[in-house]
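Here is a short briefing on one protein model with its ligands. Look over the sequence and structure first, then read the points below.

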Amino acid sequence: MFHAAVVPCLRKKTKPKAASVTVARHEVKFKEVRLFLVEKKMGSSRRRFLTQLARSKGFIVDDILSDDITHVVSEDSGAASLWAWLKGRGLNNLSNMQVLHISWFTDSMRAGRPAAVESRHLIQDALPAVPQGSTLAPVAAVSQYACQRRTSTDNKNKIFTDAFEVLAENYEWSQLKSSCLTFRRAASVLKSLSWAVKCMAATQGLPCLGEPTKAVMEEILQSGHSFQVQKILSSERYQTLKLFTSVFGVGPKTAERWYRMGLRSFSDILAEPGIQLNRMQQSGFLHYGDISRAVTKAEARALGNIIDKAVHLITSDGIIALTGGFRRGKEIGHDVDYIVTTPEVGKEECVLIHVIDCFKKQGIVLYCDYQPSTFHISKLPCQKYDAMDYFAKCFLILRLEASQVDGGLSCDEDDNRGWKAVRLDLVSPPMDRYAFALLGWTGSTQFDRDLRRFARLEKRMILDNHALYDKTKREFLAATTEEDIFAHLGLEYIEPWQRNA
Ligand code: CTP
Ligand code: MN
Ligand code: MN
């Protein structure tokens, strides 16, 4: 579902709870960072002094170690004893915390803001991640950020990640955003591994795997499945919400409302006089059989040809680019995503409108939701996390003829209508925003989320589908390619097919 994939705001909110531990007279300047200073080796009086110093510079310093902490700072150079102590604190979020040497704190105080974390600052857990049965040297540390991992479509840990996805979905539908994110992050880490986890010892040192996720994995390793996941899968609520949200235009909120009304099937919905379906949902039901079936690569390519022809009717230098899952090398998708634009900034929206017009003239438009551009440079940088971008875009359902597809359509054997309804998303960024739009629309959603989180927490930059803003330099950083954006962020370039986080 388009909505399920894009709309949820899964950021863990920083709880505004530390009033009692943060001295109120200092203004908080860095809300995203919450420090904890480890007393061992530091001593209580030096800890008090450093706490005051940091607070006076606008940092939040908690006296108590909780799951809200983002940065743990220690003067203890013995990593093993520090990590043993940390692991004994019963934290769920330890794998997401930065555990740092005092040098990071000193750098930050000197700079008057949180310093970018470099490898020399890290106090690493002495127990590295070693694949089971491996006699090789310990594998390189796995980053907590998906944008520092390479994740192909070849998922070696599907038994775990499928289970995590069920739990994440279930938490999402119960509005438990942080638990949802915990399982999505854990799944993303496991997807990046080139080896299958065969025993829990092999997960030592992997980030983002807390106690709740490990408990599920352990159960799956022992019995082949998780009791909790089985229970959810067989529950009426899960099955109903899964069914309802599989309809184009039905998000979790609508699905929940219908469930609460006692509705359990499509016929229940269609027979309920109190329900007014919107245009999107009507199309969703009308074409359910087709658009709930996966789109193949050949079908995506066929749509590309159709778009290409339409664009070239209006301009010889039009640009069309495949994005979304197919650009990441996926074999199938729930829709097809293309960028349509032109080198001349300001003309892109015309091109999109023309393309839609051309589709209409061909009689292939089954559904069309055109959203004009609301883009203006003054709206940047956009502080809203996970918000939709401002570019002109169009969500469509098109009629695709079998004759246009290499090897034919992926239809039921007994269904020889000769055409199939397919979901298509088109977006038209102005050319000077092209690289940002391409990066954002290529996804995956989890990869994008971590790119933004990395930019914000590690680089003091704001990244979205429109731009990259450096808060320290107070300027926008220009980019014409995705490589430029990775370079600005100090990241190694990750190819599209390595972004299946
Ligand atoms: N996206 C976006 N803004 C939108 C719509 C989508 O940035 N208004 C991004 C999503 O965050 C995602 C990408 O576009 O990274 C593709 O979205 P979607 O088609 O939902 O997911 P895919 O990764 O293509 O998965 P699938 O193969 O199932 O289509
Ligand atoms: Mn897609
Ligand atoms: Mn899409």
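Are aspartate 335 and aspartate 337 buried or exposed? Both residues are buried. The model is predicted. The points below cover the metal site, ligand 1, the domains and the nonpolar cores.

**Metal site**
- Asp335 and Asp337 are the protein donors of the manganese ion (ligand 2).
- Each donates through OD, and the donors lie 2.0 to 2.1 Å from the ion.
- Aspartate 335 also bridges two metals, the manganese ion (ligand 2) and the manganese ion (ligand 3).
- These two ions lie 3.5 Å apart.

**Ligand 1**
- Ligand 1 is surrounded by 21 residues.
- The closest are Gly325, Lys330, His334, Asp335 and Met388.
- Asp335 thus appears in two settings: it is among the closest residues to ligand 1, and it bridges the manganese ions of ligand 2 and ligand 3.
- Glycine 325 places a polar backbone atom 2.8 Å from an oxygen atom of ligand 1.
- Lysine 330 uses its side chain: an N or O atom there is 2.8 Å from an oxygen atom of ligand 1.
- Asparagine 465 has a polar side-chain atom 2.9 Å from an oxygen atom of ligand 1.

**Domains**
- The domain assignment of the protein chain gives domain 1 (34-121), domain 2 (139-232), domain 3 (235-286) and domain 4 (295-498).
- The centres of domain 2 and domain 3, taken over C-alpha atoms, are 29 Å apart.
- In the contact between this pair, domain 2 contributes 7 residues and domain 3 contributes 8 residues.

**Nonpolar cores**
- The largest nonpolar core has 41 residues.
- Within this core, Phe164, Leu190, Met217, Phe244, Trp258 and Ile269 touch the most other members.
- At least two residues of this core come from each of helix 5 (158-173), helix 6 (177-191), helix 7 (211-223), helix 8 (227-233), helix 9 (236-245), helix 10 (252-260) and helix 11 (266-271).
- Helix 5 supplies the largest share, 8 residues.
- Domain 2 (139-232) and domain 3 (235-286) each give this core at least three residues.
- Methionine 217 touches Phe160, Phe164, Leu190, Val197, Met200, Thr203 and Leu209, leaving aside residues up to four places away in sequence.
- Another core, of 31 residues, lies apart from the largest one.
- Its members include Leu303, Val340, Leu400 and Val405.

Conventions: Residues are numbered from 1 along each chain as its sequence is written. Chains are lettered from A and ligands numbered from 1 in the order in which they are written. This is a predicted model: local features need pLDDT of at least 70, side-chain atom pairs count only at pLDDT 80 or more; totals for chains, interfaces and linings use all residues. Side-chain values use heavy atoms; hydrogens and water are left out. Donors are N, O and S atoms within 2.8 Å of the metal (3.2 Å for Na, K and Ca); water is not among the atoms, so sites may look incomplete. Buried means under 20% relative accessible area, exposed over 50%, partly exposed in between (1.4 Å probe, protein chains only). A nonpolar core is a set of buried Ala, Val, Leu, Ile, Met, Phe, Trp, Tyr and Cys residues joined through side-chain atoms within 4.5 Å. Helices (H or I, at least four residues) and strands (E, at least two) are DSSP runs, numbered from the N terminus. Domain bounds come from an automatic or database domain assignment. Contact means heavy atoms within 4.5 Å. A residue is near a molecule or strand if one of its heavy atoms lies within 4 Å of it. A polar contact is a pair of N or O atoms within 3.5 Å; within protein, one must be able to donate a hydrogen and the other to accept it, and residues adjacent in sequence count only if both atoms are side-chain atoms.
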